[in-house]
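Reader: I should be grateful for a close look at a single part of this model, set against the protein as a whole. Please treat the packing of one helix in detail.

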Amino acid sequence: MEGIIFLGLSLYAWITIVTVLGMFAVLIFTKVPAESAFLGAIAILLVTGVLDTKEALSGFSSSSVVVIGALFIVIAGLVHTGVLQWITKHLLGTPGSYPKAIVRLMVPVAVLSSFLNNTTVVALFVNVVKMWGKKLNITPSKLLIPLSYASGMGGICTLIGTPPNMIISGMYAEQTGNAMNVLTPLVPGLFCLCVGILSMIAMRRLLPDCKSPEEGFESTGDYTVELLVPTDCQHVGETIEEAGLNEVKGGQLIEIVRFDKEVISPVPADEFILGGDRLVYSGQINDIIELKKTHGLVNADHHVFSIDEMDKNRTLKTASIGFGSKAIGKLWSETGYETSDKLTLVAVSRRGERIEQSPREIRLQAGDTVLVECPPQMNSLSSDVKKQLQFFESADLPNIGRKTLVSSLIMVAMIALSSLGVMTLLQAAFLAALMMVLCHCCSVDQAMKSINWNILMVFAGSVVLGTAIEKTGLAQMMANGILNVCGNNPIVIMAAICLVGTFITEFISNTATGAMFYPIVYNAAVSMGYDPFPFCVALMISVSSSFATPIGSPTHMLVYGPGGYRFTDFAKVGIPMNLIIWIANLLVVNLIWPLTPLN
């Protein structure tokens, strides 16, 4: 099969092309999880003989992938000892103007993202930034996009800050035998960060002024009503279904509060009605009030269903419907969350406005913010719900003490040992993860739960696809094609590859983009006779510069719902930002590492 040539490419090369394009289509146009798409691509390449067994499994043993797994445990130690939460709550201050606020926000977020998972950093900052914006009288939508951008630009400053840096540096080390220092991209990354902050301030008028979805959730009395069942009501002793009180025009019964404070939620159809019951409804208040006339109910004398007066056995939380969530396009009753996790939908907000419709009749969309009644302990929710719904409740601040200092020192030591060359990054990360557990900064169970195996599978799959592109000759062919189109000018070649990489990473994983473009940029540089090192650093920055679409980065998806954004809001400010960082990247990389011919 390998000897069959069609249009200058082997059959294996064509299989690889079809597989990669098919995977792109699946990632862009379907809701299939990214890890499933990558595993499916690996399976095709293995079964068709494009890769042998060792090559198909190479990604899972890649040092860069293993390092990322160890870093998950290090981050768990920092989270459970309160380091990240303490930093989040004490760094922002009270700046006197919007430009100063942007600097006070983006700088610490970028610094944290240089060493930690940027998705974790943004998740911790979202609620804090929303409250901070209210304090400063700045709309959250003016701050949440800069928050997400800062995490991405900070991540490119170190090898451990963002997965593409790990993948590209790992491939470079395996191919050349020269390992990059953990701080290799620090200077160009800082330059691009400074340019990005200044650009964000200059383009602040392009940032949307959206109403925050949670503003509609400030007073639950606006969209919930309590009706009291008198002891002489004709329906006492009947079930909710028999009395016709479960599904009503314009709303739904979300819970019953008994006279002894017992809370029943969700309410089963066969629940009996007792005198003194408080029936809590959500939806169209005017329609629900009609129940008083038709069913002999009365107004409750005191509305207890408010955020400030929650019973200890129930709580209200807001969550966002992220891109790729299985809840998109479904009614709440079709998601199964009511039965599996006892989550009762109270209201839905879309682009900052509460939808004036019975919540159970609303088909959910990406970016919707939902107000749900749920158990007070978040750890009681299933992993599937946490994956499909993005909760933004601020984490409780753990007790600050000795372990907080210990976990901080472990993190600093890991960075120092690696950057000074005392240990490899892999050794330092493993040592730091081990010390986090031995020093009780996190338990063994917390450490294991902190590892996101789905993300690791995506990283491993990216490495395997890069191997296939290299092995089948596609990398050399594409490199030659770029050389034919752009000539032999190395700066033009670098600019072209980085521009295409920036565009592609808006639609698929930046890790996948980095893994697939690495062999192309490496072969292009070697074919021209130039050192591939600066090309690789430029590629690191470009594949992490995704600003124009909310699906370009997990952090964009985290802020999309809470900011009340539209899809196009990212494009207005993101496209100029992409071009600005692209130019800054080319400028600084070529100033620091002038392109030199190979010996």
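Author: Two residues are taken to be in contact when they have heavy atoms within 4.5 Å of each other. The model examined here is a predicted one. By that contact criterion, three residues of helix 8, namely Pro146, Tyr149 and Met153, meet Gly189, Cys192, Leu193, Gly196 and Met200 of helix 10. This pairing is the part chosen for the close look.

Helix 8 covers residues 141-155, a run of 15 residues. From its first C-alpha to its last it reaches 22 Å, close to the 21 Å expected at 1.5 Å a residue. Burial is counted at under 20% relative accessible area. On that basis 15 of the 15 residues of helix 8 are buried, so the helix is largely enclosed by the rest of the structure.

Its partner, helix 10, spans residues 186-202. The axes of the two helices lie 10 Å apart and form an angle of about 165 degrees. Helix 8 is therefore roughly antiparallel to helix 10, since angles over 145 degrees are classed in that way. The crossing of helix 8 past helix 10 is right-handed.

The wider setting may now be described. The protein has 599 residues, of which 55% count as buried. Its secondary structure consists of 25 helices and 13 strands. Among contacts between residues at least 6 apart in sequence, 78% join residues at least 24 apart. The protein exposes about 24900 Å², and carbon and sulfur atoms supply 61% of that area.

Two further sites may be set beside helix 8. The first concerns a loop: Gly96 lies between helix 5 (83-90) and helix 6 (98-113). In contrast to the buried residues of helix 8, Gly96 is exposed, with a relative accessible area of 76%. Its C-alpha atom is separated by 8.2 Å from that of Leu136, although the two residues are 40 residues apart along the chain.

The second site is helix 20, residues 474-486. The 13 residues of helix 20 should span 18 Å at 1.5 Å a residue, and the end C-alpha atoms are indeed 18 Å apart. Buried residues in helix 20 include Leu474, Ala475, Ala479 and Leu483. Just after this helix comes Gly487, which takes a positive phi of about 80 degrees.

To return to the part requested, helix 8 is largely enclosed by the rest of the structure, and it meets helix 10 through Pro146, Tyr149 and Met153.

Note on methods:
Residues are numbered from 1 along each chain as its sequence is written. This is a predicted model: local features need pLDDT of at least 70, side-chain atom pairs count only at pLDDT 80 or more; totals for chains, interfaces and linings use all residues. Side-chain values use heavy atoms; hydrogens and water are left out. Helices (H or I, at least four residues) and strands (E, at least two) are DSSP runs, numbered from the N terminus. Buried means under 20% relative accessible area, exposed over 50%, partly exposed in between (1.4 Å probe, protein chains only). Accessible areas come from the Shrake-Rupley method with a 1.4 Å probe; for residues, only the protein chains shown count as cover. The expected span of a helix is 1.5 Å times one less than its number of residues. Axes are lines fitted to C-alpha atoms, for helices over the stretch in contact, and angles run from 0 to 180 degrees between N-to-C directions. Angles under 35 degrees count as roughly parallel, over 145 as roughly antiparallel, 65 to 115 as roughly perpendicular and the rest as oblique. A crossing is left-handed if the near helix is turned anticlockwise from the far one by less than a right angle, and right-handed if clockwise.
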